[in-house]
Amino acid sequence: MTSSPGAPQDVFYARTNIVPLPLIVRAEGVRMWDDAGTEYLDVSSGPVVSNIGHGNARVADAMAAQAKTMDFAYSRVARHQPNIDLTARISAMAGPGYERVALASGGSEAMEIALKFLRQYVVATGQPQRHRIITLSPSYHGGTIATLAITGDASLDPFLEGFAVKSERIPAPFQYRVPTGHTPQSYRMACAEALEAKILELGSETVLAFVVEPVGGLATGAVVLEEDYANRIREICTQHQVYLVYDEILCGTGRTGCFLASHAWPDARADLVVLAKGLGSGYTPLGAVLMPKAMVDDLSNRTGFNFSHTYNANPITCATGLAVLDEYERGDLVNAAAMRGRALRARLDDLAEKHPSIGDIRGKGLLMAVELVADRVSKTSFPAEFPPTEHIRICGLKHGLIIYSRRTANGANGDWFIVAPPLTITEDECDELVERLDATLTGFEALAAPYMTVSDPL
Ligand SMILES: Cc1ncc(COP(=O)(O)O)c(C=O)c1O
């Protein structure tokens, strides 16, 4: 690895985590190739981004065509058709309640736009005392200072102290490990009640929003909220006039088998939904905030929403987003996510029969996480000196897999890796993925053996 001027992004990563990363030179469908010609399957779509797969020539052509016709027009001084078309298309796919779509250059920026919109709305409507935000612990909502401040990760506390205003936290409804005396169902409902308790503790008149991921990403390892929990938090937010914001940056845009993950819960719609990742599918940085017409029009009649970024709704990004959504339609990718997700889940369950390091498999559609444990009877995690997320990633590379895994909250909640291949994955490619994962887990368990206490005879 070079450390010369102009060295790659990973020179910024902690030295202890640096292992040789492949130099990827080509990608097509679910496959990637490095400079030595080694082929890999993209198990996690990068960080759950490449929903339509790599190397799509139709999308590339649409990008080039837009760049050649009209590269840039700024939204404060001009309108353009790709912006009009993309927002109409997203709004139609999202359905009633989301008639307005503000575009952004990625997830964190979109989340900031959602928060700024709500804050500006309450200030403009005479409720300036509403400023507190409630989130889950753990959770992840972005990498800018404000979105890190609402991210539920206690290891960020020293960084945030005196620097940014942190959100108020309530427990995430983990289902794999639940406190003594609880069933998974009773625990998640207790977690939902914690929202009301927190609102009352803070004073409901001070609370602006509850921000939550319908299906988690790296922070919880694809914990699914479940319908009874979602219905209850919707009820609580309505009762106390707190805005409910779904962070669907990772789980939205078809990943879970519905265009919005929250479409699975018709009675638990959010006030705002934030999308990114799969919306641009890696071809362009794109995020979106879905909002109701009534709120947007009301604010427009008062002060207008006053914040924008230079690259919001730029023509090349909008044309790319449209071409990506064409691919969703062409491949019926939302339904493919549901169908392929069920089949892949069954194959992963078979792997769990064979590999004692698999403690839990969870998720929805083609967004799943595999939790790695040292002992699956006691559900004990691996000790600090053996970070399983790094070892599984490195074993994966040896067996032709690029796996996204990262220890979050210093491993306090467990360790998992994400199984979320492009939604275009075929049945044969699923078989190949599972075969390579089998070999990867065998290699991982050989390394992990000294740390594993296998009390389960399998
Ligand atoms: C749930 C969630 N929210 C927000 C973000 C931030 O998005 P971005 O990295 O595009 O800024 C991410 C990124 O991983 C995410 O998974």
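**View 1. Shell around the ligand.** The shell around the ligand comprises 6 nonpolar, 7 polar and 2 charged residues (nonpolar: Ala, Val, Leu, Ile, Met, Phe, Trp, Tyr, Cys and Pro; charged: Asp, Glu, Lys and Arg; polar: the others, Gly among them). The model is a predicted one, in which local features need pLDDT of at least 70 and side-chain atom pairs count only at pLDDT 80 or more, while totals for chains, interfaces and linings use all residues. Residues are numbered from 1 along each chain as its sequence is written. Of the 15 residues around the ligand (C-beta atom, placed from the backbone, within 6 Å of it), Gly106, Gly107, Ser108, Ile249 and Leu250 come nearest. Helix α4 (residues 107-124) contributes the most to this shell, with 3 residues (helices are DSSP runs of H or I, at least four residues, and strands runs of E, at least two, numbered from the N terminus).

**View 2. Contact between the domains.** Domain 1 (9-55 + 332-451) and domain 2 (59-331) make up the division of the protein, with bounds from an automatic or database domain assignment. Their C-alpha centres lie 26 Å apart. Domain 1 gives 35 residues to the contact and domain 2 gives 31 (C-beta atoms, placed from the backbone, within 7 Å). On the side of domain 1 that touches domain 2, α11 gives the most, with 6 residues. By class, this side has 17 nonpolar, 11 polar and 7 charged residues.

**View 3. Surroundings of alanine 114.** Leaving aside neighbours within four places in sequence, alanine 114 is in contact with Val245, Leu272, Val274 and Val289.

Conventions. Contact = placed C-beta atoms within 7 Å.
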